[in-house]
Amino acid sequence: SSSKASEEPSPSASNGKLVVGFAQIGQESGWRDAETASVKETFEGDPGFELKFSDAQQKQENQIKAIRTFIAQKVDAIALAPVVESGWETVLKEAKDAGIPVFLLDRGITKGNEDLYVSFIGSDFILEGQNAAKWMIDELGADAQVNIVQLEGTVGASAANDRKKGFEDAIKDHAGYKIVYSQTGDFTRAKGKEVMEAYLKKDKNIQAVYAHNDDMALGAIQAIEEAGLKPGTDIKIIGVDGIKPAFEAIAAGKMNVTVECNPLLGPQLKQAILDTKAGTKLEKWIKSDEDVYSGQKAIDALPNRKY
Ligand code: AHR
């Protein structure tokens, strides 16, 4: 493996290909599956690359093992989607000492460790949380009384921490906006449903659900319907990701808004690896460009959604 800078990226693996190891989190959501597919399509469709893919089944220890295997295999680059923010220093230092560039894909790690990776490629989760709150305040009114259930993502994940922070900061000056319950649903549909079901047994006086991803929002929709209430009407449903089933739920009137988060990061990752191999200095944060979809705008966009 070589990291020398030159005009042309120089494939360094023995078979002439650039070998990329991707330590993926798991398969918890439609979004995650779309990201995996994007990375696989990008690298498996390019004869200049070889992809080594690892699914950690939501466990940090499995991701750490995968990274150590990639280091032992002397891959040319490592992509990591960190399941949680903390606890990466040791293994990323090992990759650095081995001269292997690391790219963080979609989720971040604890601040202060910027020297352990080349670039973070992904979304501004704080902004997504703010946008979710902004939609609510614009739609329901700045002075409305709104009891909110927040379905949080995986405990310790940057996507959960920052979506919570952005949202809570944005509603804090509106006294009527109260988070009456906040609980992790682990970014899955099943857990989103379970948490919502349990809460509705105790209290039905809620006006909005803010879910850190669409899968949990879709699970909550099911629970609300089973409790005899109308999601989208009686209880407003706000999700994040922009997966197709969320657009369909909006078209069906059962969901109100989805804050887009782009999972199609394969092409940007590939470009970042090529640039690094060519000696080009990259931005520390390669940010995704994203939108917010509700109502007719969502219905119009549905046929062209890619994930
Ligand atoms: O890191 C991005 C988040 O992870 C997505 O919002 C969620 O669906 C996924 O599991």
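Here is a short chat about a predicted model, its ligand shell, one of its sheets and two residues with positive phi.

Q: Let's start with the ligand. Which residues are around the ligand?
A: The residues around the ligand are Glu28, Ser29, Trp31, Arg32, Asp106, Arg107, Ala159, Phe187, Asn213, Val240, Asp241 and Cys261.

Q: Which elements give two or more residues to that shell?
A: Helix 1, covering 30-44, and strand 9, covering 236-241, are the elements that do.

Q: And how do the shell residues divide into nonpolar, polar and charged?
A: Five are nonpolar, two are polar and five are charged.

Q: Switching to records, what feature does UniProt place at residues 21-259?
A: The UniProt entry, which is unreviewed, puts "domain: Periplasmic binding protein" there.

Q: How much helix and strand does the chain have over residues 21-259?
A: Over that stretch the chain is 43% helix and 21% strand. The C-alpha atoms at its ends are 30 Å apart.

Q: OK, sheets. What order do the strands have in the open sheet of six?
A: The order is 2-1-3-4-5-11, and the pairing is parallel.

Q: Which are the edge strands?
A: Strand 2 (49-55) and strand 11 (285-287), each of which pairs on one side only. As for twist, the average is 20° from one strand to the next.

Q: Zooming in, how many bridges are there between strand 1 and strand 3?
A: Four bridges, with strand 1 (residues 18-24) and strand 3 (residues 77-80) pairing in the parallel sense. As one example, Ala23 has Leu80 in strand 3 as its bridge partner.

Q: Back to helix 1 for a sec: which strands does helix 1 lie across?
A: Helix 1 lies across strand 1 and strand 2, and runs at about 155° to strand 2. That's the helix that also gives two or more residues to the shell around the ligand.

Q: What about backbone angles, what is the phi of Lys74?
A: Lys74 has a positive phi of about 55°, although Lys74 is not a glycine. You'll find Lys74 in the loop between helix 2 (60-72) and strand 3.

Q: Why does Lys74 count as partly exposed?
A: Because Lys74 has 14 C-beta neighbours inside 10 Å, and partly exposed sits between the 12 or fewer of exposed and the 20 or more of buried.

Q: And where is Asp186 found?
A: Asp186 is in the loop between strand 7 (177-184) and helix 6 (189-202). Its phi is positive as well, near 55°, in a residue other than glycine.

Q: Does Asp186 count as buried or exposed?
A: Asp186 counts as buried, because Asp186 has 23 C-beta neighbours inside 10 Å.

Key
Residues numbered from 1 in each chain as written. Predicted model: local features only at pLDDT ≥ 70, side-chain atom pairs only at ≥ 80, totals over all residues. Near = placed C-beta within 6 Å. Nonpolar A, V, L, I, M, F, W, Y, C, P; charged D, E, K, R; others polar. UniProt positions renumbered as here; feature names shortened; annotations may be inferred. Pairing = 2+ DSSP bridges. Axes fitted to C-alpha atoms, helices over the stretch in contact; angles between N-to-C directions. Contact = placed C-beta atoms within 7 Å.
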